Amino acid sequence: MEEMETTGYRLSVEGKTGEEATIRLAGRLSLDDLEPLMADLKAIPGRLKPRRLSVDLAGVDYLDSAGALALIVDQVRHVGGHRQGCGA
């Protein structure tokens, strides 16, 4: 499992290349973290090339509209790239 941490959130990725992967987010997802969160989310599919990607938000304490936007943009990118799945 790979983990990344910034001031507001923690992100970990579980999965193997070409298989299902799960992104687990915890902490705060807010405007302050929008840029690093978008960069972290954008990098994951390129490294793992998952056939299915899901997002676990169970550990998120706070989600503002900017944090939600990052997740929506990421979902649109995966659907546009013909990847399936992205559930909470």
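A salt bridge here is a side-chain nitrogen of Lys or Arg within 4 Å of a carboxyl oxygen of Asp or Glu. With that in hand, welcome to a short tour of this predicted model, one close-up at a time.

**Figure 1. The whole chain is built from two helices and four strands.** Following the sequence from its start, you meet the pattern β-β-β-α-β-α. Of the 88 residues, 36% count as buried. The exposed surface comes to about 5200 Å², and carbon and sulfur atoms supply 51% of it. Among contacts with a separation of 6 or more, 69% join residues 24 or more positions apart.

**Figure 2. Arg24 and Asp56 meet through their side chains in a salt bridge.** The N to O distance is 2.6 Å, which fits the limit of 4 Å. Arg24 belongs to strand β3 and Asp56 to strand β4, so this pair links distant parts of the chain, 32 residues apart. How accessible are the two partners? Arg24 counts as partly exposed, at 31% relative accessibility, and Asp56 also counts as partly exposed, at 24%.

**Figure 3. Glu14 joins Arg24 in a salt bridge of its own.** Here the side chains meet at 3.1 Å, N to O. Glu14 lies in strand β2 and Arg24 in strand β3, so the pair ties together parts that are ten residues apart in sequence. With 29% relative accessibility, Glu14 counts as partly exposed. Put this view beside the previous one and a network appears: Glu14, Arg24 and Asp56 are linked by salt bridges.

**Figure 4. Glu20 and Arg51 form another of the salt bridges.** How many salt bridges does the structure hold? The structure holds three, and in this one the N to O distance is 3.5 Å. Glu20 sits in strand β3, while Arg51 sits in the loop between α1 and β4, so the contact ties together parts that are 31 residues apart in sequence. Glu20 counts as partly exposed at 43% relative accessibility, whereas Arg51 is exposed, with a relative accessible area of 54%.

**Figure 5. The largest nonpolar core gathers 16 residues.** Which members touch the most other members? They are Leu11, Ile23, Leu25, Leu29 and Leu37. Elements that give two or more residues to this core are β2 (9-15), β3 (20-29), α1 (34-48), β4 (52-63) and α2 (65-80). As background, nonpolar side chains tend to be buried together in soluble globular proteins.

**Figure 6. Leu25 is shown with the residues that it touches.** Leaving aside residues up to four places away in sequence, Leu25 touches Tyr9, Arg10, Leu11, Leu37, Val55, Asp56, Leu57, Gly59, Val60 and Leu71. Two names here come back from earlier views: Leu11 and Leu37 are among the core members that touch the most other members. Asp56 is also familiar, as the salt-bridge partner of Arg24.

**Figure 7. Arg28 places its charged end over the ring of Tyr62.** The distance to the centre of the ring is 4.1 Å. How many aromatic pairs does a search of the whole structure find? That search finds zero aromatic pairs.

Terms used:
Residues are numbered from 1 along each chain as its sequence is written. This is a predicted model: local features need pLDDT of at least 70, side-chain atom pairs count only at pLDDT 80 or more; totals for chains, interfaces and linings use all residues. Side-chain values use heavy atoms; hydrogens and water are left out. A nonpolar core is a set of buried Ala, Val, Leu, Ile, Met, Phe, Trp, Tyr and Cys residues joined through side-chain atoms within 4.5 Å. Buried means under 20% relative accessible area, exposed over 50%, partly exposed in between (1.4 Å probe, protein chains only). Contact means heavy atoms within 4.5 Å. Accessible areas come from the Shrake-Rupley method with a 1.4 Å probe; for residues, only the protein chains shown count as cover. Rings of Phe, Tyr and Trp (its six-membered ring) pair if their centres lie within 6.5 Å; planes under 30 degrees apart count as stacked, over 60 as edge-to-face and the rest as tilted. A charge sits over a ring if NZ of Lys or CZ of Arg is within 6 Å of the ring centre and within 35 degrees of the ring normal.
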